[in-house]
Amino acid sequence: MRRIWKIYKLLAAQNLKRLMEYRADFLTGAISFLIDQAIGIAFIFIIFTQIPQLAGFTFEQILFIYGFSQIPKGLDHLLTDNLWCVGYFIVRKGDFDKYLIRPINPLFHVIAETFQVDAIGELVVGIVLLIYAAPNAGLHITVWTVILSIIAVPFAALIYTSLKIMTSAFAFWMKSSGFIIQMVYGMNEFSKYPVTIYSFPVRIFVTYIIPFAFTGYYPSLYILTESDPLFNIGGVIVVSVVLFAVSLLIWNKGISSYESAGA
Amino acid sequence: MIYAEHLRKEFQKIVKEPGLKGSFKALFKPKKETVVAADDISFHVPEGEILGFIGPNGAGKSTVIKMLTGILTPTSGECRINGKIPQNDRKNYVKEIGAVFGQRTQLWWDLPLQETYLVLKEIYEVNDEKFKKRMDFLNEVLELESFIKSPVRTLSLGQRMRADIAASMLHSPKVLFLDEPTIGLDVVVKDNIRQAIMKINKEEKTTVILTTHDISDIELLCDRIVMIDKGKNVYDGSLHELRENFGQTRELIFETANSSNITEEQFRNGLDLGGNDLVIESDKNNFKVKFNSRKLPVGEMLSYTLSLTKVKDISVKDADIEEIIRNLYRHGGESDE
Amino acid sequence: MNKLMRRYVPFAKAGVQSLIIYRLNFIGFVVGGLIYCFVMFYLWRAVFDSNGGGAFLGFSMTDMVVYLFLSNTTSQLIFSDVSNDIGQEIRDGSIVMRLLKPVNTDLSYMFAELGAIVMKLVVLLIPMIVGLEIYRFCTAGVVMFNIVNFLLYLLSAVLAYIISFRVNLCFGFIAFYVKNLWGIGILKNSIIGFLSGSLIPLAFMPDGLRICLEYLPFASMSYTPVMIYMGKYGVYEIIFRIGLQILWAVLLYGLSKLIWFGAIKKLCVQGG
């Protein structure tokens, strides 16, 4: 474990050094995500100029849900961005070879290789929104809500990561699975708003099949109303752990079907 | 040390018919075809040997190497290296091997070389003292000093190859796989790399499996060669033996005043030599006779030619290994005897 | 004309081929867009419900559905990736190869995309229009399809593509200064998404902002054609809007040429 941490720190430090070298690129990336976020918020703002409440939630509460949903998303984006490359080209080009001849877990190795600082955009916006919205969202801050929401964040991020592991692993069979990652990842849009606005089948889908609802709405609901921690927070933990186990299974099965490239 | 037994690898390939219609068909009803990249490959390499693993493009060399390194899982058969099966205990197995794939680097593109080695040091759990010793050794053999602080992307091909070999040797592996380590390099750099491989093999008793298209690599480095073609073993033995068995071809070059009247027919009829046993190439003043020296002694060929035409000069060329191998590829390993 | 065609049709064919080769990515892209539309659909339904369920600033829920799906399809139809292509070519230096060919550089890019657009027209736009008209028929009980509006929509969409192409051309040259093409892509898409009204109909925006945005070229890229299709504009407004599109097409043509010549000079200095 200590060795793994040491390797991670080494690789992350290298990534930061590289960042300094390409400063303009880093700024472009971070600013792009920041503006992308700003537009999402402007959208909510414009809607609320026309209506006082949405599905029973006030402007601040919706902002809170939106902000919370961006934190696990940003965390996953920060740490595991290289999985996209696995799906898009690492497997197809045969570059996955090198991970298989090193005495270290290939999944860890792939993930440790990049440290995607563009994610700052999502993290900053998420945190700023929580700070801005919390005082007016009518929530009671207790020791429990603080502890449970802090616990929920890494597990919610694990939902993102697991879905990415799973979908990128399809590349081992299909050579390239970029479009599947794109499609599944794109469903995180569902996590930004209360699931009560969706029709029943969609609600089931985003809760149990592609469980993005657990990365935003459910944990926020607990923080906002202190209701049903067993489902709203416990659900995040159970769903993410189960999903992670399944994704590891698929990933490992994929590796034994890996065909490399060339003759 | 290394045992490969009846290794077989099949790939599924989707066959696409040409054109737009074919693309649509492939989308909805892909037609699959099984391709056998390696078929019943067996060989054994004792400790400390340098084995040349050769064959034409697409013969399945890389597939076999990738099975031996644990990257691919064989469809059937197994390999055992140092008593370990690569696919079963990958993590422990790869600690004992090093691999260089000449066509692609395993180094981190943006990292200075020095930093790459530091990361690998942790990955392979090499302690500080051993690492220092190791770097000194590799520095001496591969002369990394001049570019060790540069990012990998700025290295020349030759430098990068040396850097890659050093990276694969950092943890003192018992077996080293080199897949085309001299590809695309100029003569001087090739020579450097060969010297380094030889030194590593001598001083550390590292077993080396080397694939290459450069025949001089084999002549200079390899104790033994295994040749495969179309996924099958076609030859396994020493270079010397190969030359003995297949190297009967001799080449005589005659310089004459006018050689335009020389024909292959003439030689065939006069000497009773069939299909593969004789080739004649001629231009205005020179002609070249390649023939099987087991069927006809060199002396007889000489005197026959001299009886045909007036010769100004003669030169004799011994069979070179490249020629032999080309012959082997052509005949699929059947000896001429 | 014939000669022109012969020279540029290969580019169009190559465009179609690459769409087929990358068809899975294309399908992913389309499905991604549809998922987004559905999220927006539910969101707007909740907004309409919160507002008492009736019409909202002249939009009924049916209008909203048509708007959402059609503006998404229109954006995909006129989507131009030329900024990314140019960026890549600038980075790997292959833009020099394109300059060496005896063809008009802009046109060669444009024809490569036209092939893909024709494909998208058939597999994307037509099914979407049919679907939306069936939906409108089911909710309203009468056929609401208007052939004149549809033809005007196509005209406006062609202009929209020209504008989108020129805007992208300008974006592409940023690659001379910034290497993070991917970040630029995100930035470009979110800015265009917002300013073109494909995210929220411009009609819903606060008045000051709305008037500004309506005159910017981005509104011409999907808002104008979709509003025409939906019959939200009268005759004079249609003439005015299409005139505005033409004006922007001409202005952006000039701007992209200007940047292009500047860029070529820089290319010469850098040596490719």
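In what order do the three strands of the open sheet in chain B lie, and is their pairing parallel or antiparallel? The order is E2-E1-E4, and the pairing is antiparallel. Keep in mind during this tour that the model is predicted.

**Stop 1: the sheet of chain B**

Select strand E2 (31–45) and strand E4 (76–81) of chain B, which are the edge strands of this sheet, each of them pairing on one side only. From one strand to the next, the twist averages 30°. Strands of a sheet pair through backbone hydrogen bonds, and they may do so in parallel or antiparallel fashion.

Now add strand E1 (residues 2–15) of chain B, which runs antiparallel to E4(B) and is joined to it by five bridges. To find one facing pair of residues, show B:Tyr3 and look across to E4(B), where B:Arg80 stands opposite. Then colour H2(B), which lies across E1, E2 and E4 of chain B and runs at about 120° to E1(B).

**Stop 2: the rest of chain B**

Widen the selection to the whole of chain B, where the secondary structure comes to twelve helices and 13 strands. Of the 337 residues in this chain, 34% count as buried. If you consider the contacts in chain B between residues at least 6 apart in sequence, 73% of them join residues at least 24 apart.

**Stop 3: helix H4 of chain B**

Select H4(B) next; eight of its eleven residues are buried, so this helix is largely enclosed by the rest of the structure. The buried residues of H4(B) are B:Leu113, B:Glu115, B:Thr116, B:Tyr117, B:Val119, B:Leu120, B:Lys121 and B:Ile123. If you ask what covers them, the answer includes helix H5 (128–142) and helix H6 (157–169) of chain B, together with helix H1 (2–21) of chain A. Following H4(B) along the chain, you come to B:Glu125, whose phi is positive, near 50°.

**Stop 4: where chain B touches chain A**

Show chains A and B together, and look at the contact between them, which takes 28 residues from chain B and 20 residues from chain A. On the side of chain B that touches chain A, at least two residues each are supplied by helix H2 (61–68), helix H3 (90–94), strand E5 (97–101) and helix H4 (113–123) of chain B. H4(B), the helix of the previous stop, gives the most to this side, with five residues. Coloured by class, the residues of this side of chain B divide into twelve nonpolar, eight polar and eight charged.

**Stop 5: where chain C touches chain A**

Hide chain B and bring in chain C, of which 32 residues are in contact with 33 residues of chain A. The elements of chain C that give two or more residues to the side touching chain A are helix H2 (23–50) and helix H8 (181–195). The largest share of that side, 15 residues, comes from H2(C). By class, the side of chain C that touches chain A has 22 nonpolar, eight polar and two charged residues.

**Stop 6: chain C as a whole**

Finally, display chain C alone, which has eleven helices and zero strands. Along the principal axes, its C-alpha atoms fill a box of roughly 65 × 40 × 35 Å. The radius of gyration of chain C is 20 Å, which agrees with the value near 19 Å that a compact globule with 272 residues would have. Of the 272 residues of chain C, 36% count as buried. Among the contacts in chain C between residues at least 6 apart in sequence, 81% join residues at least 24 apart.

Terms used
Residues are numbered from 1 along each chain as its sequence is written. Chains are lettered from A and ligands numbered from 1 in the order in which they are written. This is a predicted model: local features need pLDDT of at least 70, side-chain atom pairs count only at pLDDT 80 or more; totals for chains, interfaces and linings use all residues. Two residues are in contact if their C-beta atoms, placed from the backbone, lie within 7 Å. Helices (H or I, at least four residues) and strands (E, at least two) are DSSP runs, numbered from the N terminus. Ala, Val, Leu, Ile, Met, Phe, Trp, Tyr, Cys and Pro count as nonpolar, Asp, Glu, Lys and Arg as charged, and the others, Gly among them, as polar. The radius of gyration is taken over C-alpha atoms; the globule rule is 2.2 Å times the number of residues to the power 0.38. A residue is buried if 20 or more other C-beta atoms lie within 10 Å of its own, exposed if 12 or fewer, and partly exposed in between; C-beta atoms are placed from the backbone. Two strands pair if DSSP finds at least two bridges between them. Axes are lines fitted to C-alpha atoms, for helices over the stretch in contact, and angles run from 0 to 180 degrees between N-to-C directions.
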